Amino acid sequence: QSGEVAANPEQYDESYLCPVQVGQTTLNLDFDTGSADLWVFSTLTPKSESTGHSLYNPSTGTKKSGYTWDISYGDGSGASGTVYADKVVVGGVTATSQAVEAATSVSSQFEQDTDNDGLLGLAFSSINTVEPQAQKTFFDSVKGSLAKPLFTADLKKGAAGTYDFGYIDSSKYTGSISYVNVNTANGFWEFTASGYAVGSGSVSGSVGDAIADTGTTLMYLPTTVVQAYYNKVDSADYDSNQGGYTYDCSENLPNFLISLGGKTFTVSGTDINFAPVDSSGETCFGGIQENTGIGMSILGDIFLKSVFVVFDQTQSTPRLGFAAQ
Ligand SMILES: O=C(CNCc1ccccc1)Nc1scc(-c2ccccc2)c1C(=O)NCc1ccccc1
């Protein structure tokens with residue numbers, strides 16, 4: 001089988017939500033290559049936490065007795081609950097007995113984002129949080145039945161993009177795809193990014209260890225790289241209250257160039273201009289921030305909306321393919 005599903009941006013492209021049939025209900029889920037749990041708001045979630053969300057009704061599934069899950073993310077958000085096996089359909093691709101993690105508790109960040117009905121993890125199943133036994137991601141469940149064991153991400157700035165499962169649509173990118181091998185030891189789509197440049201010119205230095213993460217909004221890079229970037233932005237400075245680099249919204253940001261698999265990709269300054277920090281619209285928060293405390297770089301949506309990415313398990317070593325959009 002193979003299929004395509006729309007990836008609809010929230011405000012400021014904070015995250016991209018895709019329609020997914022879970023049991024007999026269609027939910028809008030955040031496809032997340034940086035985590036490996038498929039968890040959903042459900043009729044088991046306290047009303048006080050689930051108002052405004054579409055809810056999975058576990059009555060259509062088979063309860064996995066004694067199974068629980070509990071996930072937390074770098075921003076302190078998180079959720080936990082119980083586990084069911086049910087049918088999950090993404091763009092026509094069907095997992096007949098997918099582990100569906102029904103939330104019995106969600107943090108305030110999820111409670112407040114009423115467009116988001118849960119997450120569909122697309123990292124490696126080794127980091128799935130279900131106890132006593134880790135469960136397969138949707139991709140792992142269907143991988144063997146896909147025309148090709150791969151999926152692609154084509155995210156866009158302020159417009160609907162797509163995730164494709166089982167095939168590469170050559171109309172979605174230009175030029176050739178350059179591939180890098182993935183290190184799955186930490187359960188992420190993790191690889192080594194090479195040189196970088198700010199504005200224009202030839203790349204140098206090295207960004208180093210990085211993950212391709214559709215679930216993280218921004219780009220988190222080494223301090224040296226981030227300082228070199230904002231040195232080219234006159235009004236920029238590190239604002240500890242905002243927790244990152246801010247600048248005058250009126251200032252034009254330079255492009256950021258990064259070399260992956262021997263090819264240089266350009267993230268436009270307009271894509272790096274993330275969002276105003278408040279309603280005055282005077283000060284803006286940058287889409288490139290420091291990776292301090294994370295332990296690796298995260299190439300999140302700010303980067304991914306500039307490229308076409310292949311998450312490829314056609315070979316014994318998984319690999320990532322990058323092409324210009
Ligand atoms: O957790 C993820 C992928 N899921 C992101 C997500 C989706 C919905 C809601 C919340 C989060 N990616 C990764 S891999 C490693 C980290 C990390 C980040 C900071 C400190 C320690 C680990 C993160 C992560 O938490 N990403 C989201 C994020 C939120 C705020 C700031 C940075 C990153």
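## Close-up views of a predicted model

**View 1. Thr-217 in its loop.** At 16% relative accessibility, Thr-217 falls under the 20% limit and therefore counts as buried. The model shown here and in every view below is predicted. Thr-217 sits in the loop that runs between β14 (208-212) and β15 (219-221). Residues up to four places away in sequence aside, Thr-217 touches Asp-13 and Glu-14. Phe-274, Gly-300, Asp-301 and Ile-302 are also touched by Thr-217.

**View 2. Tyr-12 and Asp-13, two residues with positive phi.** Tyr-12 lies in the loop between β1 (3-9) and β2 (16-22). Asp-13 is found in the loop between β1 and β2 as well. Phi of Tyr-12 is near 60 degrees, a positive value in a residue other than glycine. For Asp-13, also not a glycine, phi is positive at about 55 degrees. Are these residues buried or partly exposed? Tyr-12 counts as partly exposed, because its relative accessibility is 39%. Asp-13 has 5% relative accessibility, so it counts as buried. Asp-13 is one of the residues that Thr-217 touches.

**View 3. The largest pocket.** This pocket has a volume of about 1200 Å³. Its lining is made up of 32 residues; the closest to the pocket centre are Tyr-73, Asp-75, Ser-77, Gly-215 and Thr-216. Which elements give two or more residues to the lining? They are β3 (25-32), β5 (62-72) and α2 (108-112). Sorted by class, the lining holds 13 nonpolar, 12 polar and 7 charged residues.

**View 4. Two nonpolar cores.** In soluble globular proteins, nonpolar side chains tend to be buried together. The largest nonpolar core in this model has 73 residues. Phe-31, Phe-165 and Phe-256 have the most contacts inside that core. Another core, of 14 residues, lies apart from the largest one. Among its members are Trp-39, Phe-41, Tyr-73 and Val-130. Tyr-73 is also among the residues closest to the centre of the largest pocket.

**View 5. The surroundings of Phe-165.** Which residues are in contact with Phe-165, leaving aside neighbours within four places in sequence? The phenylalanines are Phe-31, Phe-138, Phe-139 and Phe-151. Val-90, Val-93, Leu-122, Leu-146 and Leu-150 are in contact with Phe-165 too. Ser-2 and Gly-3 complete the list.

**View 6. Asp-117, a buried acidic residue.** Asp-117 lies in the loop between α2 and β8 (118-121). At 2% relative accessibility, Asp-117 counts as buried. A polar atom of the Asp-117 side chain lies 3.0 Å from the backbone nitrogen of Ser-54. Neighbours within four places in sequence aside, Asp-117 is in contact with Leu-27, Asn-28 and Leu-29. Trp-39, Val-40, Phe-41, His-53 and Ser-54 are further contacts of Asp-117. Between Asp-117 and Trp-39 the separation is 78 residues in sequence, and 8.6 Å in space, C-alpha to C-alpha.

**View 7. Thr-62 in strand β5.** Thr-62 is found in strand β5. Thr-62 counts as exposed, because its relative accessibility is 53%. Leaving aside neighbours within four places in sequence, Thr-62 is in contact with Val-83, Tyr-84 and Ala-85. Thr-62 and Ala-6 are 56 residues apart in sequence, and their C-alpha atoms are 28 Å apart in space.

**View 8. A cis peptide bond.** The bond from Glu-131 to Pro-132 is cis, with omega near 0 degrees. Pro-132 is found in the loop between β8 and α3 (138-142).

Notes: Residues are numbered from 1 along each chain as its sequence is written. This is a predicted model: local features need pLDDT of at least 70, side-chain atom pairs count only at pLDDT 80 or more; totals for chains, interfaces and linings use all residues. Side-chain values use heavy atoms; hydrogens and water are left out. On a 1 Å grid over the protein atoms alone, a cavity is a set of points where a 1.4 Å probe fits but cannot get out, and a pocket is an open set with protein on both sides within 12 Å along at least five of seven lines; lining residues have an atom within 4 Å of a point. Grid points are joined across faces, edges and corners, and a volume is the space filled by probe spheres set on the points. Helices (H or I, at least four residues) and strands (E, at least two) are DSSP runs, numbered from the N terminus. Ala, Val, Leu, Ile, Met, Phe, Trp, Tyr, Cys and Pro count as nonpolar, Asp, Glu, Lys and Arg as charged, and the others, Gly among them, as polar. A nonpolar core is a set of buried Ala, Val, Leu, Ile, Met, Phe, Trp, Tyr and Cys residues joined through side-chain atoms within 4.5 Å. Buried means under 20% relative accessible area, exposed over 50%, partly exposed in between (1.4 Å probe, protein chains only). Contact means heavy atoms within 4.5 Å. A polar contact is a pair of N or O atoms within 3.5 Å; within protein, one must be able to donate a hydrogen and the other to accept it, and residues adjacent in sequence count only if both atoms are side-chain atoms.
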